[in-house]
Amino acid sequence: MASNMREPIQSALLDDETIDFAHYWQVFKRYAGRIIVLAVLCTILMAIITNRMTPQYRAKASLLIESQPAKVTSIEEVYNADTSRKDYMQTQYQIITSRHIARRVVEELELAHNPVFMPPAPQEDPLLAKAKSWVKQQLAAYMPVEQDEQAASPDAETQEERRLRAATNRLMNALQIALVSNTQVMEITATSTSPELAAAIANTVGEVYVENYLQAKVDMTTKATSFLSESMEGLRAKLAAAERELAQFYEKNQLVNLDNGVISLAAEELEELSDQLRSAQKTLDQNRIIYQQTQTSGADYSALARLPEVLNHSTIQSVRQQEAAALSRVSELSKVYGPKHPKMIAANSELNSARDTLQTQIRDLISSIATQYRASQDKVADLQDKVSEAKAEYRKLSNLENRRRALQREVDINQQLYSSMFTRLKETSELGGFKSANARLLDAAVVPGNPAKPNKSLLVAAAFIVSFGFGVVLAFVLEAMNSGVRSVDDVEKKLGQRMLGLIPTMPRKRRQSIPLRAYFANTSHQFSEAVRTLRTSLSLMNIDKPPQAILVTSSVPKEGKTTVSINLAFALGQLDSTILIDADLRRPSVGKHFGVPNYQPGLSNLIMHTHTLDECLVHDEKSGLDLISAGTIPSNPQELLAGDGFQALVATLKQRYRHVVVDTAPTQAVSDAMVVSKSCDSVIYVVRADSTSEKMIVSGLGRFLQVGHRVDGVVLNQVDLRKSDVAERYGGFYDQYDYRSQATG
């Protein structure tokens, strides 16, 4: 059992999730006329607008920018840009799109005074001009301004500048500059109302850009020449001053040239004197030692003889050899001869002579040592003086050389700078007239034959498509926002009620009611069949005990409940005896439809027992229908209907008539319908299609549930069959084809 219940639930969910294309198609069909009208109107409006648009022509020129222009000479370092950088093309793009280039193009083509590019302002209405003049006069009379009129109004130069600015702004808006990706090509596109002017502007922009680049190079060359000329004057003065100072240096120091070995000779002489001084100093040190030893020994010749300097002297050694030989002879002779022997005497005399000679030699040697020591002292002192003089001379010459080198270096540097600057000045002067452009026109702009905009056919087609799509979207939005009820699905899904029938709308003039006897007319087959279908639905609701007293009501007035009541009574009257009661004691209308006079007694008179039933009955001869009008309108209609009198009247009428149809007041206006429903067997709720909101209808149906009376079904009234999907999905309510066949046959 659980599975049996689950299947309907799942099928219902699937039905809800399925896209109902048929419903969307019906919505489109319902609004198709208005959508097409909207699309056609928008298309016509766009066609009118495009026809009034001024055609715009667009010309395109291609400019090739050389990223590495040919190098002419090294002077380009002074004024050439670094074209190898990545931002070079972006820089050129900013230059060509600058206001400066646009201003030069305006001046080149005289666009500020071109009537095509700068159309004159529309002439002011004479009446408006007079009014403005009168207002200014009045203001001047009440608020005088002490100001010179000539100063207040702009002069010719100011006006010209304003026109140039305006033309420049317009030109910048009319230009489109684009860099072609991965190339050195720049596309210049100009838009104008004149094709010739568009081509001229595009070409002139490229030419002005090239001329501007060349002019910039010329200006930079001129500035470089001026700078070099001024620098040359300063360098020339500096060079002359340096040369003059060097000449004065040579003249002052009586020098010819210090580079020819003068300093080298002085250095060699100083070195030689230094060597001599060191040698003399060494000799002096040796002589001082010997001299000091001789001074220490004094007159002791034996001690002096033992001195190494004396002992090792060659003369002393020779004398000592003589003394040794004499002493050896004396020793040998002494062994043979006596002291008195002449040989001994001669030998001793030779020995004494040798010894005297030795002393004399020692004495002379000591004397020479002292003399040599003093001579060494004098020599060292003399050499020291000479070395000092040589050092002073060397220092003097070195200082002079350093000074000379500094002066010469100053002269050389100024000479080099002067020569380099002179060469650069000559190069710059020679290149002043040379023009090397960095760009050239690759493709010149040609005069366009067709306007670029507006594309009339495209705009008109787009207007139709957009307006048509907007109309479709608007139709679905309105459909989604519509809270009314227009179909059987709406009755079942939105209201949760059974559909008893639908009454199609009948063509009629505005503010004109449906004819009273339209049910019987041969031209209203659809309407008649719809009422019969409603009658059949009522008879089939409860076959065992069909409803006898039928209450007809609605949510608000103007929904057609009285029309439904009357025609339902006509349809039931064709089967059996039927009576129609007008229970709307506040705004009765049944009597007006049948032409019953206002003084005719009716329902209120019966309930209050002022008249009898026969006096209140009105019989319609054409339809055979009996009816009871509202009668005298009471002051307390709800209390009157809630009493026992109305219930007893309905019971009496049910005994005399097979069908009792009761027309009551709307539920949202008053509660009379809920009171009357207690005396009726069935309640029919009339809903006007596409009119009353869903919330109001549900509220009215809920009021019957509050009093414990169910609503048997809903009658959808005034349905437009041309806009509704009822004719296709619920054709059983009426047989349109059959009646059309009869009418035409």
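This is a short tour of selected spots in a predicted model.

**Stop 1: a strand in the interior**

Select residues 549-554, which form strand β6. Six of its six residues are buried, so β6 is largely enclosed by the rest of the structure. Now look at its two faces. On one side sit Ala549, Leu551 and Thr553. On the other are Ile550, Val552 and Ser554. Both faces are covered.

Next, show the neighbours of β6. Add residues 659-663, which make up strand β10. β6 and β10 run parallel and are joined by four bridges. To see where they meet, pick Ala549: Val660 in β10 stands opposite. Then add strand β11, residues 682-688. β11 also pairs with β6 in the parallel sense, here over five bridges. Pick Leu551 to find one contact; its bridge partner in β11 is Val683.

**Stop 2: from strand β11 to helix α25**

Stay on β11 and select Tyr685. Then add Phe704, which lies in helix α25 (residues 694-706). How are these two rings arranged, with centres 6.4 Å apart and planes at 85°? The pair is edge-to-face, because planes over 60 degrees apart count that way. The pair ties together parts that are 19 residues apart in sequence. Are the two residues buried or exposed? Tyr685 is buried, with a relative accessible area of 0%. Phe704 is buried too, at 0% relative accessibility.

**Stop 3: other aromatic rings**

The whole structure holds five aromatic pairs. For one of them, select Phe464 and Phe468. Their rings are stacked, 6.0 Å centre to centre, with 25° between the planes. Both residues belong to helix α15 (residues 456-481). They are four residues apart, so about one helical turn separates them. In general, an α-helix has 3.6 residues a turn, so residues three or four places apart point the same way. Switch on the surface here. Phe464 is partly exposed, with a relative accessible area of 37%. Phe468 is partly exposed as well, at 27%.

Now select Tyr519, Phe520, Phe570 and Phe594 together. Ring pairs link these four residues into a cluster.

**Stop 4: an internal cavity**

How many cavities of 30 Å³ or more are there? The count comes to two. Go to the second largest, which holds about 40 Å³ of space. To display its lining, select Ile503, Phe527, Val531, Leu534, Thr563, Val564, Asn567, Leu568 and Asn717. Six of the lining residues are nonpolar and three are polar. None is charged.

Colour the helices next. The elements that give two or more residues to this lining are α17 (525-541) and α18 (561-573). Which of them gives the most? The answer is α18, with four residues.

**Stop 5: one side of a helix**

Finish at helix α4, residues 88-96. Select Tyr88, Met89, Gln92 and Ile96, which are buried. Look down the axis of the helix. These four cover an arc of only 95° around the axis, which puts them on the same side of α4.

**Looking back**

The tour began at β6, with buried residues on both faces. At α4, by contrast, the buried residues just selected share one side. Between those stops came the pair of Tyr685 and Phe704, in β11 and α25, and a cavity lined in part by α18.

Technical notes. Residues are numbered from 1 along each chain as its sequence is written. This is a predicted model: local features need pLDDT of at least 70, side-chain atom pairs count only at pLDDT 80 or more; totals for chains, interfaces and linings use all residues. Side-chain values use heavy atoms; hydrogens and water are left out. Rings of Phe, Tyr and Trp (its six-membered ring) pair if their centres lie within 6.5 Å; planes under 30 degrees apart count as stacked, over 60 as edge-to-face and the rest as tilted. Buried means under 20% relative accessible area, exposed over 50%, partly exposed in between (1.4 Å probe, protein chains only). On a 1 Å grid over the protein atoms alone, a cavity is a set of points where a 1.4 Å probe fits but cannot get out, and a pocket is an open set with protein on both sides within 12 Å along at least five of seven lines; lining residues have an atom within 4 Å of a point. Grid points are joined across faces, edges and corners, and a volume is the space filled by probe spheres set on the points. Ala, Val, Leu, Ile, Met, Phe, Trp, Tyr, Cys and Pro count as nonpolar, Asp, Glu, Lys and Arg as charged, and the others, Gly among them, as polar. Two strands pair if DSSP finds at least two bridges between them. The arc is that of the directions from the helix axis to the C-beta atoms.
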